Amino acid sequence: MDVGRLDDRPTSYEHKGTPDMRLHLILPKVEPNEFEYPKKCHRKGCSGMRFTPRQEVSKKIVDAQHPEVTAWRYECVKCGYVFRVYPKGVSEKQISKRVNGMAVMLYILGLSYGAVEIVLNSLGMGIGKTSVYRAVQAVAEQVPGMKREKLLGGYKTKAVGADVTSVRCNGKWVTVGIAVDAINGMVLSIDELPGEDAEQLKTWLEPILDAVDADVVVSDDADAFKKVSDETGRSQQVCKSHVGRNTDALVAELSAIIGAGQDHSLDALHITSEQALSDLGALKEMIHSRRPEDQPGLEEIYLRYANARKPGKGKKHDVAYRLRNLFMDRWNLWPRLTFYRNWKDEYGNVILDGTNNDCERAIGWWIKERYRSMRGYKQERSALGVSRLIAFAGNHLARGLHLADLMA
Ligand SMILES: [Zn+2]
């Protein structure tokens with residue numbers, strides 16, 4: 001099975017709105033009597049496809065139910081090479097896929113490598129913590145770095161939510177980008193980024209937008225994301241929660257300064273304190289009602305402050321200039337803040353909720369939460385791999401993720 005395909009996209013994304021991280025993992029099974037006829041000769045370079053069974057041999061394994069299984073020795077008709085074929089759930093290694101799967105599952109659930117070793121050993125499954133580590137990394141490596149088109153397997157969505165976070169890994173800060181389907185919350189990609197300026201974000205995000213054929217970018221109101229959406233020709237929804245919080249804080253701060261009566265910068269514009277306070281109140285109201293038609297009203301307010309002068313070099317920005325910038329910024333931001341109001345499906349329903357909450361949830365669940373217990377990590381690649389693995393598992397809540405599909 002091609003594990004890169006995300007075609008079992010759940011119709012209603014199950015974990016949306018639920019407070020806890022949930023996982024639905026399906027363990028590999030060991031079936032001692034199920035053998036697959038070899039497809040190809042195991043000798044490198046030989047193209048032989050026909051084999052003669054030579055003998056049955058027994059193999060001791062580490063497993064919860066089968067201490068011993070039988071393997072078949074096959075001989076290649078073409079070159080005479082003899083190799084073993086193992087039953088389902090068993091490989092040339094000693095530890096069964098089921099035990100490896102249990103190790104991965106326990107690790108994902110939050111146990112350390114050492115704790116997984118203790119738990120499994122106490123249940124009679126002898127696996128060392130180095131093997132646990134290897135099992136986790138091996139599975140993580142099979143998770144598609146989802147941004148490449150072929151790995152996304154033709155998955156399409158109209159809107160991609162993007163965000164950047166930093167995690168401390170081995171004493172060093174690592175920038176991680178996360179992209180989700182902004183409509184159902186599914187994680188599309190988790191990647192390490194060289195940095196978070198507009199060019200770096202574009203290099204990362206544009207192939208993802210192209211691959212899923214997205215028309216809209218959902219993000220916070222960082223300038224870098226505005227640039228990315230403009231330069232890639234996408235519409236943008238800026239998270240209403242971010243803007244709401246930031247605006248409330250600024251309105252409160254500026255109102256307090258005006259109320260204190262120490263700043264006289266408004267005098268030059270012939271604007272009274274009452275007027276300024278009322279303008280701030282109006283902005284606050286508009287930011288929370290987010291009616292697309294309020295843009296001219298915001299422009300009108302901005303124009304009252306448009307002539308505020310920038311204070312000289314090294315001088316603190318005064319109230320008049322800060323008000324000018326705030327009103328100008330929100331007026332300009334308006335189409336990106338209210339985009340979701342007018343973006344509807346063919347039945348007239350809005351498609352987005354105006355927030356970037358899916359990204360934030362994904363960061364909280366799949367990245368931050370797990371990194372806390374990964375302090376011992378030597379390499380950021382393995383930390384990233386585990387985040388990807390957990391997010392990938394999160395994408396498969398509806399039908400469950402078959403760990404066997406991620407095991408070579
Ligand atoms: Zn051969």
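Here are some notes on the zinc site and the five-stranded sheet of this predicted model.

1. Let's start with the metal. Four cysteines hold the zinc ion through their SG atoms: Cys41, Cys46, Cys76 and Cys79, at 2.3 to 2.4 Å. The angles among the four donor atoms run from 108 to 113°, and the site comes out as tetrahedral. For reference, the ideal angle for four tetrahedral donors is 109.5 degrees.

2. How are the donors of the zinc ion spaced along the chain? They follow C-x4-C-x29-C-x2-C. The pair Cys46 and Cys76 links distant parts of the chain, 30 residues apart: Cys46 sits in the loop between β1 (25-26) and β2 (51-60), while Cys76 belongs to strand β3 (residues 68-76).

3. Are Cys46 and Cys76 buried or exposed? Cys46 has a relative accessible area of 7%, so it is buried. Cys76 is at 1% relative accessibility and therefore counts as buried too. The cut-off behind both calls is under 20% relative accessible area.

4. On to the sheet. It is open, has five strands in the order β7-β6-β5-β8-β9, and its pairing is mixed. The edge positions go to β7 (187-193) and β9 (235-238); each has a single partner strand, so one side of each lacks a neighbour in the sheet. From one strand to the next, the twist averages 25°.

5. Don't read "edge" as "exposed" for β7, though. Six of its seven residues are buried, so β7 is largely enclosed by the rest of the structure.

6. Now the β5 and β6 pairing. Strand β5 (residues 159-169) and strand β6 (residues 172-181) run antiparallel and are joined by 10 bridges. One spot to click on is Arg168, whose bridge partner in β6 is Trp173.

7. Next along is β6 with β7: these also run antiparallel, with six bridges between them. Val180 stands opposite Val187 of β7. The β6 and β7 hairpin has five residues between the strands, and Gly185 there takes a positive phi near 85°. When looking at side chains here, keep in mind that in a regular strand they alternate between the two faces of the sheet.

8. Finally, which helix lies across β5, β8 and β9? That's α6 (residues 223-231), which runs at about 160° to β9. Strand β8 (216-219) is one of the strands α6 lies across, and β9 is the edge strand from point 4.

Notes: Residues are numbered from 1 along each chain as its sequence is written. This is a predicted model: local features need pLDDT of at least 70, side-chain atom pairs count only at pLDDT 80 or more; totals for chains, interfaces and linings use all residues. Side-chain values use heavy atoms; hydrogens and water are left out. Donors are N, O and S atoms within 2.8 Å of the metal (3.2 Å for Na, K and Ca); water is not among the atoms, so sites may look incomplete. Four donors count as tetrahedral if all angles lie between 85 and 135 degrees; four count as square planar and six as octahedral if opposite donors are over 155 degrees apart and all others between 65 and 115; anything else is irregular. Helices (H or I, at least four residues) and strands (E, at least two) are DSSP runs, numbered from the N terminus. Buried means under 20% relative accessible area, exposed over 50%, partly exposed in between (1.4 Å probe, protein chains only). Two strands pair if DSSP finds at least two bridges between them. Axes are lines fitted to C-alpha atoms, for helices over the stretch in contact, and angles run from 0 to 180 degrees between N-to-C directions. Contact means heavy atoms within 4.5 Å.
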